[in-house]
Amino acid sequence: MVDNNNQKRAWITISRAMNKEGLEISFKDNRQYLLAKDQYSATKHDNFMAMAIAVRDRVVERWIVTQQRYHQQNLRRVYYLSMEFLIGRLLENNIINLGLREETRQSLEEMGFDPETIVAQEADAGLGNGGLGRLAACFLDSMATLEIPAYGYGIRYDYGIFHQRIIDGYQIECPDEWLKLGNPWEFARPEYTVKVRFYGHTQVFHDRHGKLRVRWGDTKDVLAVPYDMPIPGYKNDTINTLRLWSARSAEEFDFEYFNDGDYERAVYNQVFSENISKVLYPNDIIIQGKELRLKQEYFFTAASISDILRRFKTDNSDIRQFPEKNVIQLNDTHPALAIVELMRILIDEEELDWNAAWDITVRTFAYTNHTIMPEALENWPVPLFESLLPRHLELIYEINHRFLREVANRYPWDVYRLGRMSIVEEGSPKHIRMAFLSIVGSHSVNGVSPLHSELLRTQLFKDFHDLWPEKFNNKTNGVTQRRWLRKANPKLSDLITGSIGDHWVTHLDELEKLLPRCEDASFRGEWRRVKAANKIVLADYILKNAHVKVDPESLFDVQVKRIHEYKRQLLFGLYIISQYLKMKDAPDAVIQPRTFIFGGKAAPGYFMAKLIIKFISRIADIINNDKWVQDRLKVVFLENYCVSLAEKIFPGSDLSEQISTAGTEASGTGCMKFMMNGALTIGTLDGANIEIKKAVGDENIFIFGMPEAQVQSLKNSGYHPRDYIGRSPLLKEVCQLVQSHFFSPLDPDLFEPLINNLLENDPFMVCADFDAYCAMQDNVSAAYCDQEAWTKKSIINVAKSGVFSSDRTIAEYAREIWQVPYKNNF
């Protein structure tokens, strides 16, 4: 018996070994015993699952040890609350962070599998819409790599962001069934299910001590079931946790209705409850969508606060010590209800007095603002709040009353300031300003780039900064180089490592050691060969998926991001038309061949953004089928932009379009990913472009357009787009071509809303910046002709990208906001 046990332990040790032999044993065991398949019946997805579980097992061992350490040492913990976590595919990322890339490749190849085919079977988890969710995922990676005790909290959306199809140029939203074939990385934790309450009413009563208390009763309850995903740090055996909540009905099935033949009513409660975690960002144009969105926000924040308190009480008995052991970071305004929920629990359940509860709350929370765009500064109608969360509305009124008393004491004669700063916005109906609630209830408020933070202090939240200047700070965003360079661009990664070593994977500022290689002609040649190879990969993808043949030797000019008017995909489109017109006017003129690449999703209810997609698609149809243009211009819209597609696009890009109106982009992280992969930037003085310019120097970036101060001045003095069109012959010709229905001959009115908005309103000043943009694009074409000089610029951009590592960002959060120790990679 002892011999058998020893043999079993030895087998487990071998099968879990961190080498190719151990991986192969695990793979075959998983395929046979967990999936009940063999080499003949297993599908490609089965083989992916078998390898993913093999890697997961190695993560889990370290995960358990990490969590035990956090518990035993009773460490101060960081909780990152976000409606989005755009995590993408995890197999290859986890392999890299475990240090098993070569071992996994060898193991799969020796078993007769193509590693790329296996990796490609994984669903792209669509738990986010864009930069906000991808930033959260990068932050989780960096927190684990810096060995910070941290947890992410969000929603386990059944369908996530929609799967985008482009049919006849129109965006069609389809369900994103990322869980259809199972998720090997998640672990259900039903033992930690939390009951979340909605609706009902409140009742005032006297407690056992004679004090007035409030009871929230007659509620409709939903169960929040947690699913945990491990987040490994890079080669350090630290594994943190992302906990996602899934909604389940507290009453699954009503037999009485079923027996009466009302089969739909029998499952109504189940369907109604589980809608909460069905889809990311329901269309909130209709009232039902607004209510569902608010439900989602409270659902995950209430469940998360309950879970955080449960974990705290495991090792601590004094609730007043809660801020010493916990800090909660709000990723934009979506989780702002967590502030009110913690207050509710501290007052109604823990029976603390108001001042003690408020002190605990403010010292616990920190708030990151990500944009000054109206849709991100959420305002919820009071009647909706009153119906859905009556107790929380009462608490918000009390928070606001006490806050306005503080403002009045500070500014006794300034009644207008009270109206500007009130959490409750007057009107019919009244609204709750969630950004204001976040500021009042937090001890730290940060922007995500220097310009953005300055606009928060001097414009958007000026009154709050006047009151509490010590709360406001900047934390420039960053991206993880392990995903966006090491994983996404292995060819460039290997070239860099071969030149300066691999220390850059955790110390991105090490890339500056590449600067002397700019003068090495041989190295520049290798750099160009890597870029050429990546462009061929991207060109092949375009041919296979968009059915457009593009020239890999053309300049790949790329704008991939959420479709929104302020990001000015329209400006890019109008520039393309201008180049088309130039080519038609002078067919023999020497024009730099370009492939224009778009990608991104429009919100389902955003009419103008969806019309821009159609407009771009029609431009592509015209240009790509014009024999006179030949291969000198191509336009491509790549459907269903997501993390895995981004990993193909960034390495193959030459020019990064970051052309938002100055003062509208909080930071942007796509610009950093392009830079990290050797693309040059054309952009305005907006968001992180300003810091890229500072890092690389004016000669290695293409900056155009009005700065933020000029934009504001023009708005204040009165902006008239027709004046700019009249002064620009090229823009006038472009607009006239669109107005002539050249791009919509069968539907003459199709683009009328687009062109009329441009001519009469132009809210993001496309016309004002058009000529400067075209002039700078001419500079780009001239620079690209000198490939030796262009390659130097590309190397400099990569070498100077170290400041944009999310490791640096998280270290700043840890040091200046969270007050937690971290592994110093700097």
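Me: Over how many bridges do strands S6 and S9 pair in the antiparallel sense?
Reply: This is a predicted model, in which local features need pLDDT of at least 70, side-chain atom pairs count only at pLDDT 80 or more, and totals for chains, interfaces and linings use all residues. Residues are numbered from 1 along each chain as its sequence is written, and side-chain values use heavy atoms, with hydrogens and water left out. Helices (H or I, at least four residues) and strands (E, at least two) are DSSP runs numbered from the N terminus, and two strands pair if DSSP finds at least two bridges between them. For S6 and S9 (residues 220-232), the number of bridges is five.

Me: Which residues make up the covered face of S6?
Reply: Buried means under 20% relative accessible area, exposed over 50%, and partly exposed in between (1.4 Å probe, protein chains only). In S6 (residues 194-198), Lys195 and Arg197 form the uncovered face. Val196 has Val222 of S9 as its bridge partner. The covered face holds Val194, Val196 and Phe198.

Me: Which helix gives the largest share of the largest nonpolar core?
Reply: A nonpolar core is a set of buried Ala, Val, Leu, Ile, Met, Phe, Trp, Tyr and Cys residues joined through side-chain atoms within 4.5 Å. The largest has 142 residues, and Met143, Phe198, Phe299, Phe385, Phe461, Phe464 and Trp818 touch the most other members. The largest share of this core is eleven residues, from helix H3 (residues 44-73).

Me: Which residues does Trp818 touch, leaving out those up to four places away in sequence?
Reply: Contact means heavy atoms within 4.5 Å. Trp818 is among the residues of the largest core that touch the most other members. Its contacts are Arg76, Val78, Met143, Val327, Gln329, Ile810 and Tyr813.

Me: Are the residues on the two faces of strand S11 covered or uncovered?
Reply: Six of the six residues of S11 (residues 326-331) are buried. Asn326, Ile328 and Leu330 lie on one side, with Val327, Gln329 and Asn331 on the other. Both faces are therefore, by the cut-off of under 20%, covered.

Me: Which residue of strand S12 is the bridge partner of Ile328?
Reply: S11 pairs in the parallel sense with strand S1 (residues 77-81) over five bridges, and Arg77 stands opposite Asn326 there. S11 also pairs in the parallel sense with S12 (residues 365-368), over four bridges. The partner of Ile328 in S12 is Phe365.

Me: What is the order of the open sheet of six strands?
Reply: Pairing in this sheet is parallel. Strands S20 (633-638) and S23 (702-703) are the edges, each pairing on one side only. Six bridges join S19 (residues 594-599) to S20, with Arg594 opposite Leu633. The order is S20-S19-S18-S21-S22-S23.

Me: About what angle does helix H34 make with strand S22?
Reply: Axes are lines fitted to C-alpha atoms, for helices over the stretch in contact, and angles run from 0 to 180 degrees between N-to-C directions. Helix H24 lies across S18, S19, S20 and S21, running at about 155° to S19. H34 packs on the sheet and touches S21, S22 and S23. Its direction and that of S22 make an angle of about 90°.

Me: How far apart are the end C-alpha atoms of H34?
Reply: The expected span of a helix is 1.5 Å times one less than its number of residues. The 13 residues of H34 (residues 787-799) should therefore span 18 Å. The distance between the end C-alpha atoms agrees, at 18 Å.

Me: Within what arc do the buried residues of helix H31 fall?
Reply: In H31 (residues 729-739), the buried residues are Leu731, Val734, Cys735, Leu737 and Val738. They pack against helices H24, H25, H30, H32 and H33. The arc is that of the directions from the helix axis to the C-beta atoms. The buried residues line one face of the helix, because they fall within an arc of 155°.

Me: What is the relative accessible area of Thr684?
Reply: Thr684 lies in the loop between S22 and helix H28 (689-696). Its contacts, not counting residues up to four places away in sequence, include Arg568, Gln658, Phe704 and Asp769. Thr684 is buried, and its relative accessible area is 0%.
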